[in-house]
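Let's take a friendly walk through this complex, one piece at a time. Have the model open as you read.

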Amino acid sequence: MSGHSHPTPGLYLVIFLALVVGTCLTWGIAFKDLGVWNPVVALTIAVAKALLVVLFFMHVHYSSKLTKLTISAGVFWLMIMITMSLSDYLTRTFLPQ
Amino acid sequence: MSTSQTTTTDHHPALAHQFDSMEQQQDASTFGMWVFLLTELMMFGGLFTAYLIYRLKYYPAFVAGSTSISVSWGFANTLILIASSFTMAMSVWAAQNGKRRMQVWLLLSTMVLGSAFLGVKAKEYYDKWDECHIPGHVIGKGFNAWGGCSATNKSLGNIAEEIRDPKEHGNPNTPETAAEQIARQTEIFFSFYFLMTGLHAFHMVIGLGLLTWLTLRARHGDFGPAYYTPIELGGLYWHFVDIVWIFLFPLLYLISRHQHGV
Amino acid sequence: MQLNFPIFPEQASSMAGQVDALYLFLVLITTFFSLLVAILILFFAIKYRRTPGRQAQQIHGSTLLEIIWTVIPLGISMVIFVWGAVIYYHMERPPSNPLEIYGVGKQWMWKFQHPGGQREINTLHVPTGRDVKVTLISQDVIHSFFVPAFRVKQDVLPNRYVFTWFKATQAGTYHLFCSQYCGTKHSGMIGQVVVMTPEDYATWLASGKAEGSLASLGEKSFQQYGCITCHRPDSGARGPNLEGVYGRPVRLTDNRVVLADDNYIRESILEPNAKVVSGFQSIMPTFRGVVSEDEIIAITEYLKHLSPQQANPLNNRSTPTEIRDSEVPNIQQQNRQQPAQQTPQGTRPANPSGKKP
Amino acid sequence: MSTATAIVTPVMPERHYLNDNYGIRSWLLTKDHKRIAILYLFSITFFFLIGGLFASLIRLHLLTPNGELFEADTYNKLFTMHGVNMVFFFLIPSVPAVLGNFLMPIMVGTKDLAFPKINLLSWYLYIVGGTFSMAAMVSGGADSGWTFYAPLSSGYLKTHVIMLAVGVIIAGFSSIFTGLNFIVTVHRMRAPGMTWGRLPLFVWSNYAASLIMILGTPVIAITLILLALERGFHIGIFDPKLGGDPVLFQHMFWFYSHPAVYIMILPGMGVISEIVPCFSRKRIFGYSFVAFSSIAIAVFGFVVWAHHMFVAGISVYSALVFSLLSYAVAIPSAVKVFNWTATMYKGSIEMSTPMLYAMAFIGLFTIGGLTGLFLAALGLDIHIHDTYFVIAHFHYVMVGGMVTAYLGGLHFWWPKMTGRMYPEAPAKLAALITFIGFNLTFFPQFILGYMGMPRRYWAYPPEFQVLNVLSSAGASVLAVGFLLPLLYFAWSLKYGEIAGNNPWHATGLEWETSSPPPTHNFHEIPIVTKDPYAYGKDAEVTVVH
């Protein structure tokens, strides 16, 4: 636990530049044909960018376990909603025999 | 207030009566903000779920819709919002380190960037209005994926373009052409486009309101190393809105871009 | 007033007995545990009532007991789950070679079409001893097809075919309810299912005033809407030849393979561009708002008759993924170059009859 | 500090939260959680009475099979407004917003909730939401059913669906803020020594319910926003005519609305977990199992929603998964029932009114829960889905469970809230009448449902009449049972016996402070050194100052 220590402006700048690079990457890759991987790559970069923002801009890297747990819970519940809804949509055409 | 003589320790003016110490107050407030962001996450999450299901269902129409919005503006807006997140994070740092003037300037630049984002968004919305891409038949001139209302058709993807058919209007029972079907289904894409970016923009507007209030308080010198909770909470909120956009950009602007170029 | 006071619904289908058995089992379980809890509570309340001089005996808990009353309910509920799932699986599995009836729900009535062309409103005649498959669709909101005596229920959705099936065992007249709230006259969307012996049913069919079989009605529509101008067996056709398509897998332009079932045919009429057959341009106009649900049903039935050997596509296949490439009929052999730009006339079907619907 | 004993005559404290200051402003702008609880008490009672009135009219109408009392449209509006009022404006806020608001800070030993202003805001949002729903009602009503199923509600009805939906959305945010406050308070505001293992079970269960409020409620908000936009602007989301998918609405609706039934029942279970040990003079049996079962219910509650959709045309495999998971919720509920029963074993049981309600709760909840197994069993659900069996099942859980627990809790903490005792004899009578009336009303509906009577029917086949008449007769008894407490509670405000700090000789921090408590709850923040429910010989000394 690093208590109340917070990142420095230098680190913020690095994160900012990483985010800009990530955005440019997303944009550039979108015009390459990667087949089904296009959205996958785009979302992976988005997740990475979001992680950077959450961990450093939002100080979660330096926060208590409770904060980390709270965020994980949110993501977990979102995944429940998405996957279990899709579990219906993606298996509708299957009929028992 | 007869029985409130309980706290005997140092009493910061910003300490609310229900808390024992500033530390507890900050802890509780930050945690409260996170819990609130959790609800925000689930709210956007509902929209994302619905978006995903329709994207699977009407993929060609989503491609056509997505390629009709300007990726350059979306890209620019992403950079603007990331920059505003950076200045916001810095202003929290400035508050923690007691740099009052810097704090105010950083907050102001965050507001400028946020307004720039909304300005770009307004421009994009106006373009969509112009092209008659407002879904539904209540607002605007009615949905028309052809951009038919202004007679300029630069919007739809090539699927529709290739087999475009200037069909006569009037008889509601005339069967639609294939291109028109895609056009009609893009209406769902635009429903999601406006709902998701609209909800996001609504959060930005609230964020700007918060920032205005924070700037005024920062100018007043309310925040310093001992007390910077409000500015930290404002920061959390602003970054969350930024994260939502980080996902909206690829989901709305970049569906199968490689097929169609810029 | 005569006191008519039944407490158990009639059993009139092959499924009813199975459902009732599970129901009675659950009633037993419920009664047992409710009584157990109630008796224990009352017994404790009386036996250990507050009396001067007697202290409560402090007990912190017992992990063994906790495990027992976790595991036993878990075991019982797994039995119920499996039992219920087996019945459900049976209900959801389409029967082989059923009598196929189509039903359309709308605010606030039921319309049924028999394969022989007989139409009924709010009444459904079926024979005993034969699997009856009812394919259902709604014209407006969600309804639900509910026959308590058969223990069947199925929400009837707009824009999508769903089906339910039953095998009636008892001749008689039974309630047909709409059980999904559908607006003002929801409770008026009721009717009856008349179950007849096969002989009576044959008599009833013969007496019905049918204007020709459902398939022949479909053929009429097929011509009237000009489907025939593109969907021809010859090599110059702009659309795939539909003979033998029903119930067969077809390859799409994006290389997916789908089964040409009722839902696919309906979708292809209303949203032709959604799943275009490989080798063809997506030039077909949509017939949304043009062709009625009843007509789509008839056309589907007609297509079914064009491919008699595949009348029940879903019975001999498990899932679409199991369709092998070699099985996919090559219906794009008449693939020809399409002109890049279609004239408006070219994209719309000719209308030989000349009358707009 | 005087501990109430039989010898010392209890006296009212000189200053407490009720007489700290006066005037309408001191109430409408209060940030005191106890006053906000009282504001909630009055407002939810109002909505309960409105909802109850609609229920009575529904039962009155169903006396005859041919729909002779009301027009079909009117009847549809009645059950819609009954459902909306009861679910969103009574059941969801009842225990958390009234008893929870009053007790949570006291039970964890703090001066107030973490965010008093947000707490007040939550009440105002509730009132604004309620105003919208009332406005929808007086301007002609809405007949979408409380479930708002699309495309009926979005494209076909001509009533005030949007206004009603907006009311529900706003009330949803009120519930989010209550949940947020509870979670932060439990995590960050506990008194010294108040470890998680020493939290009263009422706090545990409200905490679990709060989890659902903050994770589920935003989804219903966005769903109803989408619905309202589709209705208002004809954008296609759920209506197949516009390219939408009506089953998606059901998924999104039940993602919240199924867990929402646990928002309703969990706090009620918490009340029972307080009452049973107190009147048995005994520690709760299996504290940690009861506590964790609340969390288990909250978590499992989120993965079972499609069991409301078994006949809605969802995939067969999906239905199997959701059915299996549904049984996962049944287990922790069973664990609770057995633990309460075991708590009574070898206790020293006093049958006062709260205990009567608690016993009724355990019995009725057992029936309600077990009939849930019928509905989770796939093959059986096909038959009883959307029939009166469902109605009976959830009324056993909601009225037999939740309302009973709420009334029990209200009696139990009434002396703490007002400083005066309610009269015991009429209260016991009311409890008995409620119990009889309730069973008479809803038990026949199980049979009706299995017979096949669909819900929301304005007219029904004549063979169902006998059971319907029985049910309506029960409803009139039930109404008496619910109205009686109004009278004697009001009476007790003036004439009730002075309660003293701890009339029940219960454990728990709320009984250590005066009745009614002072504005900041405690004269000194307590230091907790004992487990909860430390009944027995050292019961009286739970707190060291």
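A good place to begin is helix α13 of chain D, which is mostly covered: 30 of its 31 residues are buried. This is a predicted model, and in it α13(D) covers residues 388-418. Where does α13(D) bend? The turn comes at F412(D), with an angle of about 45°, and a proline, P415(D), follows within four residues. After α13(D) comes G419(D), which has a positive phi, near 85°.

Now zoom out to the chain that holds this helix. Chain D contains 15 helices and 2 strands. Its C-alpha trace spans about 70 × 45 × 45 Å along the principal axes. How does its radius of gyration fit a compact globule? For 545 residues such a globule would have a value near 24 Å, and chain D has 23 Å, so the two agree.

Chain B makes a useful companion. It has 7 helices and 0 strands, so to speak a plain run of α-α-α-α-α-α-α from the N terminus on. The table sets out burial and contacts for both chains.

| Chain | Buried residues | Contacts joining residues at least 24 apart, among those at least 6 apart in sequence |
|---|---|---|
| Chain B | 54% of 262 residues | 71% |
| Chain D | 72% of 545 residues | 84% |

Next, look at where chains C and D meet. How many residues take part on each side? In chain C, 74 residues are in contact with 78 residues of chain D. On the chain C side, α1 (16-47), α2 (63-92), β6 (143-147), β7 (152-156) and β9 (172-178) each supply at least two residues. The largest share, 16 residues, comes from α2(C). By residue type, the side of chain C that touches chain D divides into 42 nonpolar, 21 polar and 11 charged residues.

Finally, a word on confidence. The predictor gives the complex an ipTM of 0.88 and a pTM of 0.88. Chain D averages a pLDDT of 92, and 97% of its residues score at least 70. Which parts of chain D fall below 50? One is residues 1-6, a stretch that has 9 contacts in the model beyond near neighbours in sequence. Another is residues 539-545, with 15 such contacts. Where pLDDT is low, the predicted coordinates should not be read in detail.

How values were computed. Residues are numbered from 1 along each chain as its sequence is written. Chains are lettered from A and ligands numbered from 1 in the order in which they are written. This is a predicted model: local features need pLDDT of at least 70, side-chain atom pairs count only at pLDDT 80 or more; totals for chains, interfaces and linings use all residues. pLDDT is the predictor's confidence in each residue, from 0 to 100. Two residues are in contact if their C-beta atoms, placed from the backbone, lie within 7 Å. Ala, Val, Leu, Ile, Met, Phe, Trp, Tyr, Cys and Pro count as nonpolar, Asp, Glu, Lys and Arg as charged, and the others, Gly among them, as polar. The bend at a residue is the angle between axes fitted to the seven residues ending there and the seven starting there. A residue is buried if 20 or more other C-beta atoms lie within 10 Å of its own, exposed if 12 or fewer, and partly exposed in between; C-beta atoms are placed from the backbone. The radius of gyration is taken over C-alpha atoms; the globule rule is 2.2 Å times the number of residues to the power 0.38.
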